[in-house]
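This report describes contacts between side chains and between chains. The sequence and the structure come first.

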Amino acid sequence: MVHFTAEEKAAVTSLWSKMNVEETGGEALGRLLVVYPWTQRFFDSFGNLSSPSAILGNPKVKAHGKKVLTSFGDAIKNMDNLKTTFAKLSELHCDKLHVDPENFKLLGNVLVCVLAHHFGKEFTPQVQAAYQKVVAGVANALAHKYH
Amino acid sequence: MSLTKTERTLIVSMWAKISTQADTIGTETLERLFLSYPQTKTYFPHFDLHPGSAQLHAHGSKVVAAVGDAAKNIDNIGAALSKLSELHAYVLRVDPVNFKLLSHCLLVTLAARFPADFTAEAHAAWDKFLSVVSSVLTEKYR
């Protein structure tokens with residue numbers, strides 16, 4: 001189980017509070033689909049994913065990115081309880097969505113890159129380390145109910 | 001996996017900017033690596049890894065210089081990094097998983113320092129380029 005120090009929690013929530021979840025979600029999901037094109041396999045119904053600009057401008061990508069990152073926000077509010085928080089979503093990703101858990105790690109790292117891109121110097125090595133713990137915790141929690 | 005012409009152009013042009021800050025980028029990348037992935041410190045028991053350490057600075061420079069060599073010889077990375085590839089295979093024997101961790105930390109450093117240049121296309125090109133570099137460095141492992 002992941003344990004967060006008080007400093008880590010403070011760093012994570014402070015940065016999160018300054019973030020535009022809608023924009024960041026769209027950016028993160030978009031970049032996932034651009035940088036790791038094989039992840040597009042889950043999004044056949046999303047329409048035009050033919051180029052980076054098409055992907056990043058795609059309204060379905062933006063909407064879904066917002067959904068995903070809003071859910072991530074639940075993680076931030078429940079950092080000590082990730083497995084319980086994501087139990088239902090874990091079952092969904094296994095049984096209905098059939099997503100290889102490797103993809104959770106990919107998205108987590110893309111999100112970290114997007115945060116670095118957005119916050120620049122403020123995204124210090126210490127803040128990054130805290131966020132790496134969060135994304136790893138979320139990835140594990142989402143894989144936890146797989147069978 | 002090989003780099004397209006567009007990707008090579010993106011890498012080379014960004015490298016021109018990176019090279020002016022090469023040393024600090026190297027140091028920051030390693031700092032990020034050791035903080036986010038403490039297990040990577042096991043390869044450096046002989047180093048002082050505190051921020052500001054001269055050894056950290058020197059090693060960071062070395063690492064980024066090697067990335068630069070790959071960028072400057074982007075049409076033949078295998079030849080450019082051949083000696084380094086042997087070093088990693090026979091002497092250093094760093095577990096291959098760590099190349100992904102270091103690559104990620106370098107990407108994060110670039111994203112933080114070059115916001116205007118770190119577009120989605122550049123992100124993809126650099127991720128792919130570093131993946132190629134990592135493959136070259138592990139290709140003689142067995």
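The side chains of B:Glu7 and B:Lys128 form a salt bridge with an N to O distance of 2.9 Å; the term stands for a side-chain nitrogen of Lys or Arg within 4 Å of a carboxyl oxygen of Asp or Glu. The pair links distant parts of the chain, with B:Glu7 in helix 1 (residues 5–18) of chain B and B:Lys128 in helix 7 of chain B, 121 residues apart. Helices here are DSSP runs (H or I, at least four residues), numbered from the N terminus. B:Glu7 is buried at a relative accessible area of 15%, and B:Lys128 is buried at 18%. Buried means under 20% relative accessible area, exposed over 50%, and partly exposed in between (1.4 Å probe, protein chains only). Also in chain B, salt bridges with shared partners join B:Glu28, B:Arg32 and B:Arg113 into one network.

The model is predicted: local features need pLDDT of at least 70 and side-chain atom pairs count only at pLDDT 80 or more, while totals for chains, interfaces and linings use all residues. Residues are numbered from 1 along each chain as its sequence is written, chains are lettered from A in the order in which they are written, and side-chain values use heavy atoms, with hydrogens and water left out.

Over all chains the structure holds 13 salt bridges, including these three:

| Pair | Closest N to O distance |
|---|---|
| B:Glu7 and B:Lys128 | 2.9 Å |
| A:Lys133 and A:Glu8 | 3.0 Å |
| A:Asp80 and A:Lys9 | 2.5 Å |

A:Lys133 in helix 8 of chain A and A:Glu8 in helix 1 (residues 6–17) of chain A are 125 residues apart. A:Lys133 is partly exposed at 28%, whereas A:Glu8 is buried at 18%. A:Lys133 also lies over the face of A:Phe4, at 5.6 Å from the ring centre; for this, NZ of Lys or CZ of Arg must be within 6 Å of the ring centre and within 35 degrees of the ring normal. A:Asp80 sits in the loop between helix 4 (59–77) and helix 5 (82–85) of chain A and A:Lys9 in helix 1, so their bridge ties together parts 71 residues apart in sequence.

A:Glu122 lies in the loop between helix 7 and helix 8 of chain A and is partly exposed, at 36%. Its side chain joins that of A:Lys18 in a polar contact of 2.4 Å. A polar contact is a pair of N or O atoms within 3.5 Å; within protein, one must be able to donate a hydrogen and the other to accept it, and residues adjacent in sequence count only if both atoms are side-chain atoms.

How many aromatic pairs does the whole structure contain? The search finds 9 over all chains. Rings of Phe, Tyr and Trp (its six-membered ring) pair if their centres lie within 6.5 Å; planes under 30 degrees apart count as stacked, over 60 as edge-to-face and the rest as tilted. One of the pairs is A:Phe104 with A:Tyr146, edge-to-face at 6.3 Å centre to centre and 80 degrees between the planes.

Between the chains, 19 residues of chain B are in contact (heavy atoms within 4.5 Å) with 21 residues of chain A. The rule finds 0 salt bridges across this interface, but 13 residue pairs are in polar contact, both at pLDDT 80 or more. Helix 6 of chain B gives the most to the side of chain B that touches chain A, with 6 residues.

Key. Helix = DSSP H or I, 4+ residues; strand = E, 2+ residues; numbered from the N terminus.
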